[in-house]
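Here is a short briefing on one protein chain. Have the structure open as you read.

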Amino acid sequence: MANAHHRVISASRRTDIPAFFMPWFMEGIARGEFEVTNPYNRRVTRVAAAAPPVHTIVFWSKNFGPFLEGNYGGRLQAMGYHLYFQFTINSENRVLEPNLPGLDRRLGQLRRLCDRFGPRSVNWRFDPICFYRFEGEGPFNNLGDAGRIADAAAAAGIRRCTVSFMDLYAKIRKRTARRPGVAFVELPREEKIEVLLGLEHRLKARHIRLFTCCESDLLSALPARSTVRAGACIPSALFMELHGGELSLKRDAGQRVKSGCGCRVSADVGSYDLHRCGHDCLYCYARSGGESSPSSTQTADASAGKGQHRR
């Protein structure tokens, strides 16, 4: 039976801590706990942060540059923490992701993470897959660099990729209404399946397995020959395989289990309100529909082109 005192910290589904908030995170580590406010009922809980009881920290980011330059990973490992990385690398696209480093820099970060922490501790996310119209033209999508990213990921030793399609929430409709000329396009299920099968074929040639995040409806409609499976962004069984110890394999009831989320229990320490991400992605689920995220000294150079790609 898993030791109830061993746990996983997620840092974080709610913001990009490795890009913007690592000093804050390290303060919590030094204190031995985080105070976390539930975004729905505003209840404050304390999350123990010492190792143990923390077994693994899962970092989510689109820009691991500040994390790597600050040697935060090495410092945390020296304290006894195991680390796992969810690295979202999408095609270069200034319409959808205006404040990210250029793709070359991000692929360099991927290589450094794999060299330093091992490729099994790094999961590449191409997420979300977006279709949209821009200035009356299109539809465009953000799949154009997928092959280039897959080549770099395979060369770094990556063997897993997680994808999902953008969910057109009301807050995203509100946000795009403030951006004249941009409108997201919702694909029919049959076309999404075609996209998934195309990605599966492309990645299989590079020995990368394709997983989905909360896409149970699509998975149920894939042909029997497909090897695409539901993913788990908090894969605690893998953490035990990599580092030993015992963790709960209970599903995280706070996630979208009915939509196919396979995540195991973890404690997320980020905040939508206190840790507003500076990437300013147009499709972001975390921030409200009308707000603009603050600028940061760690935002990317904006020299790349728009990078739209036709369907």
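The points below go from the whole chain down to single residues.

This is a predicted model. The protein chain has 311 residues, and 50% of them count as buried. It holds 10 helices and 14 strands. A search of the whole structure turns up 0 disulfides.

**Overall build**

- The radius of gyration is 19 Å, which agrees with the value near 19 Å for a compact globule of 311 residues.
- The C-alpha trace spans about 55 × 45 × 40 Å along its principal axes.
- Take the contacts with a sequence separation of 6 or more: residues 24 or more positions apart account for 75% of them.
- The exposed surface of the protein chain is about 14100 Å². Carbon and sulfur atoms supply 50% of that area.

**The open sheet**

- An open sheet is built from 8 strands with parallel pairing. The strand order is S12-S11-S9-S6-S5-S4-S1-S13.
- Strand S12 (229–230) and strand S13 (267–268) stand at the edges. Each has a single partner strand, so one side of each is left without a neighbour in the sheet.
- Inside that order, strand S5 (residues 82–88) pairs with strand S6 (residues 122–129) in the parallel sense, over 4 bridges.
- One fixed point for tracing this pairing is Gln 86, whose bridge partner in S6 is Asn 123.

**Helices across the sheet**

- Helix H5 (residues 103–117) lies across S5 and S6. Its direction is at about 160 degrees to S5.
- Helix H8 (residues 189–204) lies across three strands: S6, S9 (160–165) and S11 (209–212). H8 runs at about 165 degrees to S9.
- S6 is thus a place to look for both helices: H5 lies across S6, and H8 does too.

**The S2–S3 hairpin**

- Strand S2 (residues 33–37) and strand S3 (residues 44–48) pair in the antiparallel sense over 5 bridges.
- The two strands form a hairpin, with 6 residues between them. In the turn, Arg 42 has a positive phi of about 65 degrees.
- Which side chains of S2 are buried, and which are not? Phe 34 and Val 36 point to one face and are buried. Glu 33, Glu 35 and Thr 37 point to the other face and are not buried.
- Val 36 also takes part in the strand pairing: its bridge partner in S3 is Thr 45.

**A loop residue: Val 185**

- Val 185 is found in the loop between strand S10 (182–184) and H8.
- Is Val 185 buried or partly exposed? Its relative accessible area is 23%, so Val 185 counts as partly exposed; the buried class ends at 20%.
- Leaving out residues up to four places away in sequence, Val 185 touches Phe 131, Tyr 132, Arg 133 and Pro 139.
- One of these, Arg 133, is 52 residues from Val 185 in sequence. In space the two are 7.0 Å apart, C-alpha to C-alpha.

**Cysteines**

- A disulfide is a covalent bond between the sulfur atoms of two cysteines. The search of the whole structure finds 0 of them.
- Cys 277 is in no disulfide; its nearest cysteine sulfur belongs to Cys 281, 6.3 Å away.
- Cys 281 is likewise in no disulfide, and its nearest cysteine sulfur is that of Cys 277. The cut-off for a disulfide is 2.5 Å between the sulfur atoms.
- Cys 281 has 4% relative accessibility, so it counts as buried.

Methods:
Residues are numbered from 1 along each chain as its sequence is written. This is a predicted model: local features need pLDDT of at least 70, side-chain atom pairs count only at pLDDT 80 or more; totals for chains, interfaces and linings use all residues. Side-chain values use heavy atoms; hydrogens and water are left out. Buried means under 20% relative accessible area, exposed over 50%, partly exposed in between (1.4 Å probe, protein chains only). Two strands pair if DSSP finds at least two bridges between them. The radius of gyration is taken over C-alpha atoms; the globule rule is 2.2 Å times the number of residues to the power 0.38. Contact means heavy atoms within 4.5 Å. Accessible areas come from the Shrake-Rupley method with a 1.4 Å probe; for residues, only the protein chains shown count as cover. Axes are lines fitted to C-alpha atoms, for helices over the stretch in contact, and angles run from 0 to 180 degrees between N-to-C directions.
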